[in-house]
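The following exercises concern one protein chain, each with a worked solution. Please work through them with the sequence and the structure at hand.

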Amino acid sequence: MSDETDTITVTRNDEAGRYEIHVGDALGGFSQFITDSRGRELFIHTEIDEAFAGRGLGGTLVGQAMADVAARGATMVPRCPFVARWLGKHEVAGLQVDWPEPRP
């Protein structure tokens, strides 16, 4: 089991179509995306392992994923409710967001 001193890293896994958050060597969760015909990244699901609940990993994961999407110059679409709520509370410099209708 991991503890509070483990290093937390977020990486993009293109093969799996998701951003992953690791706590030490353990996979703590992921935010899955698909790329549509227009080249937009649709974030469709975010999940944090129950073993890591309450540590703020979801926010860390989405924040770093959105910063990476912005740095890549891609447009994202928040289909995942967690990602949409996070974006409603946080600004990400340079991030291009196409909100689905109706906007949450």
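Helices (H or I, at least four residues) and strands (E, at least two) are taken as DSSP runs and numbered from the N terminus. The model is predicted, so local features need pLDDT of at least 70 and side-chain atom pairs count only at pLDDT 80 or more, while totals for chains, interfaces and linings use all residues. Residues are numbered from 1 along each chain as its sequence is written, and side-chain values use heavy atoms, with hydrogens and water left out.

**Exercise 1. Describe the setting of Glu 20: its element, its burial and its partners.**

Step 1. Glu 20 belongs to strand 2, which covers residues 18-23.

Step 2. Burial follows from relative accessible area: under 20% is buried, over 50% is exposed, and partly exposed lies in between (1.4 Å probe, protein chains only). Glu 20 has 9% relative accessibility and therefore counts as buried.

Step 3. A polar contact is a pair of N or O atoms within 3.5 Å; within protein, one must be able to donate a hydrogen and the other to accept it, and residues adjacent in sequence count only if both atoms are side-chain atoms. The side chains of Glu 20 and Arg 18 form such a contact at 2.8 Å.

Step 4. A contact in general means heavy atoms within 4.5 Å. With residues up to four places away in sequence not counted, Glu 20 touches Thr 9, Val 10, Thr 11, Asn 13, Leu 27, Gly 29, Phe 30 and Leu 61.

**Exercise 2. Give the order of the elements and the overall dimensions of the protein.**

Step 1. The secondary structure consists of 2 helices and 6 strands. Read from the N terminus, their order is β-β-β-β-α-β-α-β.

Step 2. The radius of gyration is taken over C-alpha atoms, and the globule rule is 2.2 Å times the number of residues to the power 0.38. For 104 residues, a compact globule would have a radius near 13 Å, and the protein agrees because its own value is 13 Å. The C-alpha trace spans about 40 × 25 × 20 Å along its principal axes.

Step 3. Of the 104 residues, 41% count as buried. Among contacts with a separation of 6 or more, 37% come from residues 24 or more positions apart.

**Exercise 3. Which elements give two or more residues to the largest nonpolar core?**

Step 1. A nonpolar core is a set of buried Ala, Val, Leu, Ile, Met, Phe, Trp, Tyr and Cys residues joined through side-chain atoms within 4.5 Å. The largest one has 22 residues, and those with the most contacts inside it are Tyr 19, Phe 43, Met 66, Met 76, Val 83 and Leu 95.

Step 2. The elements that give two or more residues to this core are strand 2, helix 1 (57-72) and helix 2 (81-89). Helix 1 gives the most, with 7 residues.

Step 3. Leu 95 touches Met 66, Val 69, Ala 70, Met 76 and Leu 87, again without residues up to four places away in sequence.

**Exercise 4. Classify the ring pairs that Tyr 19 forms with Phe 33 and Phe 43.**

Step 1. Rings of Phe, Tyr and Trp (its six-membered ring) pair if their centres lie within 6.5 Å; planes under 30 degrees apart count as stacked, over 60 as edge-to-face and the rest as tilted. The whole structure holds 3 aromatic pairs.

Step 2. For Tyr 19 and Phe 33, the centres are 5.7 Å apart and the planes stand at 45 degrees, so the pair is tilted. Tyr 19 lies in strand 2 and Phe 33 in strand 3 (residues 26-35), so this pair ties together parts 14 residues apart in sequence. Tyr 19 and Phe 33 are both buried.

Step 3. For Tyr 19 and Phe 43, the centres are 6.0 Å apart and the planes stand at 20 degrees, so the pair is stacked. Phe 43 lies in strand 4 (residues 41-48) and Tyr 19 in strand 2, so parts 24 residues apart in sequence are tied together.

Step 4. Ring pairs link Tyr 19, Phe 33 and Phe 43 into a cluster.

**Exercise 5. Is Thr 75 buried or exposed, and which residues does Thr 75 touch?**

Step 1. Thr 75 lies in strand 5 (residues 75-78). Its relative accessibility is 17%, so Thr 75 counts as buried.

Step 2. The side chain of Thr 75 makes a polar contact of 3.3 Å with the side chain of Gln 96. Leaving out residues up to four places away in sequence, Thr 75 touches Arg 40, Glu 41, Gln 96 and Asp 98.
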